[in-house]
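Biologist: I'm new to this structure and would like a close look at one part of it. Could you take me through the small sheet and then what surrounds it?

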Amino acid sequence: MDPVRNPYAPGAGQRPPELAGRDRELQQFEVVLERVARGRPERSMVVTGLRGVGKTVLLNTFKSMAMQRLWGTGKIEARPDQSIRRPVSAALHMAIRELAPRHRAPERIEEFLAVLKAFAMRDPAAAKGTSHWSPGIEVPAARGRADSGDLEIDLTELFVDAASVATDLGVGIALFIDEMQDVQAADVSALCAACHELSQSGGPLIVVGAGLPHLPSVLSASKSYSERLFRYARIDKLDREAADLALILPAREERVEFTQDALDALYEAADGYPYFVQAYGKVAWDLAPRSPITVDDVKVSAPEAEEELAVGFFGSRYERATPAERDYMHAMAQIGDEPVATSDVAEALGRKPSSLSPARDSLIKKGLIYSAERGQIAFTVPHFGRFLRAQPI
C-alpha cells in the first residue's frame with residue numbers, strides 16, 4: 001500500500017478525513033449560529049470529553065462553520081499560568097479584522113480598536129508603564145472603557161462593544177477557547193459574567209469552549225448560573241457504525257477496502273476512540289501489502305500502532321509526572337479503569353488521604369487526572385490505566 005496515499009491522520013487537533021459520529025453536535029452548533037443571526041437569545045456552547053475524542057477537531061470545525069457565515073472569529077488555547085486578557089485581546093483583534101473590510105463606518109471600527117487597545121494594555125500583572133502585548137493598533141487607547149483593571153468589568157464592556165460592531169453588519173462574533181478547564185478561576189468568573197450580560201442584552205457574541213469532563217463543575221464553582229449559561233455537549237468514543245465509517249469512507253476515496261474481520265479487529269483495538277481509530281488505521285494501511293486490508297494485516301500492524309501510542313500518546317504524558325505522581329497513578333490503575341475513590345488510592349498506597357493531596361492536585365493541574373465527582377478521580381486519557389499496568393512500578 002502506498003503510504004503517500006494514506007488518508008488517516010492521528011494528530012493533535014488534526015481533522016480526520018471523515019468526521020464521523022459528530023452530526024448531533026454539528027447540528028446543535030448550526031442552530032446556535034442561526035438563532036444568533038436572527039437576533040434570538042441563545043446560550044454559548046461548551047464541548048467536554050476525554051483526551052483523544054476530538055474536542056479540538058470539533059472546535060475547529062465550529063470555527064469554520066462560523067467563518068462560512070461571515071462571522072468574526074478568534075481562537076485561544078488557555079494556559080493555567082496565564083491570564084486570558086492577552087489571548088482574548090489577540091483573538092478579538094483577529095475577529096474584528098475579519099469584519100472591518102465590510103463595515104461602512106471606519107470610525108466605528110476605530111472606536112472599538114481603541115477600547116480593545118485599552119483592554120489589552122490594562123494588565124495588572126504587567127510592570128508599571130509596560131504591556132504584555134503590543135497589539136499593533138494605530139489608534140490611541142480609549143480611556144474609561146474596558147480599562148479599569150477589573151477583568152470582569154473590562155471583559156464585559158469589551159464583549160458588549162465587540163457585539164455592537166457585529167450587530168452593525170448583521171452577523172456575529174465567536175470566541176473559541178480550547179483547554180477551557182485551564183482558565184484561571186478569577187478569569188472563569190469574568191468570562192461567565194460577560195457571557196451572562198450578553199445573554200441578557202442579546203448581543204451576537206458567543207463563547208465556544210472545549211475542555212475535560214470536569215469543565216462544567218469548574219464553571220459551576222465560578223458562577224452558580226453557569227449551568228444555564230452554556231449549552232453543554234459531552235462527546236465520547238464513537239459507536240461501531242461511526243468508527244467503521246471513519247475508516248471505510250477515506251479508504252474508499254483511494255479505492256481501498258477493508259474486510260469485515262479487519263473492521264472487527266480494528267474496532268476492538270481502538271475501542272471507538274477517534275484518535276486510536278486514526279492511529280490503528282494509519283499503521284494498518286502502511287503495512288498492508290494490498291487491498292482489501294485483512295484481519296491478518298491488522299494483527300501484524302497492531303503492535304506497531306500500540307508502540308507508537310505508548311511513546312507519543314501515553315508515554316509523553318507519563319514522563320511529565322514526578323515519581324510520587326507516578327506512584328499515585330499506578331495505584332489508580334491497579335484499582336481499575338473506572339473513576340476511583342481517593343480513599344481507595346490512599347489505602348492502596350498505605351498513606352493518609354491528606355498526605356497524597358499534593359500529588360493528586362499536581363496531577364489535576366497537569367491534566368493527567370480529573371475529579372469525576374466529589375471524592376473520586378479518573379484519568380483524562382482513555383486506556384491510560386491499561387498502559388500503566390504494562391509499565392514497571
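Modeller: Let's go straight to the sheet, keeping in mind that this is a predicted model. Three strands make up an open sheet, in the order β6-β8-β7, and the pairing is antiparallel. On the edges you'll find β6 (340-341) and β7 (369-373), each of which pairs on one side only. In general, strands of a sheet pair through backbone hydrogen bonds, and they can do that either parallel or antiparallel. Here, β7 is joined to strand β8 (residues 376-379) by three bridges, with the two running antiparallel. To see one partnership for yourself, find tyrosine 370: its bridge partner in β8 is alanine 378.

Now bring in a helix. Helix α13 (residues 323-335) lies across β6, β7 and β8, and it runs at about 95° to β8. Within the residue range of that helix is arginine 326, and its charged end sits over the ring of tyrosine 318, 4.6 Å from the ring centre. There's another arginine to look at, too: arginine 317 lies over the face of phenylalanine 313, at 4.8 Å from the centre of that ring.

Those two rings bring us to a bigger picture. Ring pairs link Tyr273, Tyr275, Phe276, Phe313, Phe314, Tyr318, Phe379, Phe384 and Phe387 into a cluster. Phe379 falls in the residue range of β8, while Phe384 and Phe387 fall in that of α16 (384-389). In the loop between β8 and α16 sits histidine 383. Histidine 383 has a phi near 70°, a positive value in a residue other than glycine. That's worth a second glance, because most residues other than glycine have a negative phi. Histidine 383 is also buried, because its relative accessible area is 18% and the cut-off is under 20%.

Moving away from the sheet, you can pick up a couple of other backbone details. Glutamate 179 has a positive phi as well, near 55°. Its place is the loop between β3 (173-178) and α6 (185-201), and glutamate 179 counts as buried at 17% relative accessibility. Then there's the peptide bond from serine 291 to proline 292, which is cis, with omega near 5°. Most peptide bonds are trans. Proline 292 lies in the loop between α11 (274-287) and α12 (295-319).

Back to rings for a moment. The model has 15 aromatic pairs. One of them is phenylalanine 29 with phenylalanine 62, a stacked pair at 4.3 Å centre to centre and 25° between the planes. This pair links distant parts of the chain, since phenylalanine 29 is in helix α1 and phenylalanine 62 is in helix α2 (residues 55-68), 33 residues apart. Phenylalanine 29 is buried at 0% relative accessibility, and phenylalanine 62 is buried with a relative accessible area of 0%. For another geometry, try tyrosine 273 and phenylalanine 276: their ring centres are 5.9 Å apart and their planes are at 70°, so the pair is edge-to-face. Tyrosine 273 and phenylalanine 276 are buried as well.

One last stop is glutamate 42, in the loop between α1 (23-37) and β1 (44-48). Glutamate 42 counts as buried at 16% relative accessibility. Its side chain makes a polar contact of 2.9 Å with the side chain of arginine 35, and another, at 3.3 Å, with the side chain of arginine 231. Leaving aside neighbours within four places in sequence, glutamate 42 is in contact with Val32, Arg35, Val36 and Arg231.

Definitions and conventions. Residues numbered from 1 in each chain as written. Predicted model: local features only at pLDDT ≥ 70, side-chain atom pairs only at ≥ 80, totals over all residues. Heavy atoms only, no water. Helix = DSSP H or I, 4+ residues; strand = E, 2+ residues; numbered from the N terminus. Buried < 20%, exposed > 50% of the residue type's maximum accessible area, 1.4 Å probe, protein only. Polar contact = N/O pair within 3.5 Å; in protein donor to acceptor, adjacent residues only side chain to side chain. Contact = heavy atoms within 4.5 Å. Phe/Tyr/Trp six-rings, centres within 6.5 Å; stacked < 30°, edge-to-face > 60°. Lys NZ or Arg CZ within 6 Å of the ring centre and 35° of its normal. Pairing = 2+ DSSP bridges. Axes fitted to C-alpha atoms, helices over the stretch in contact; angles between N-to-C directions.
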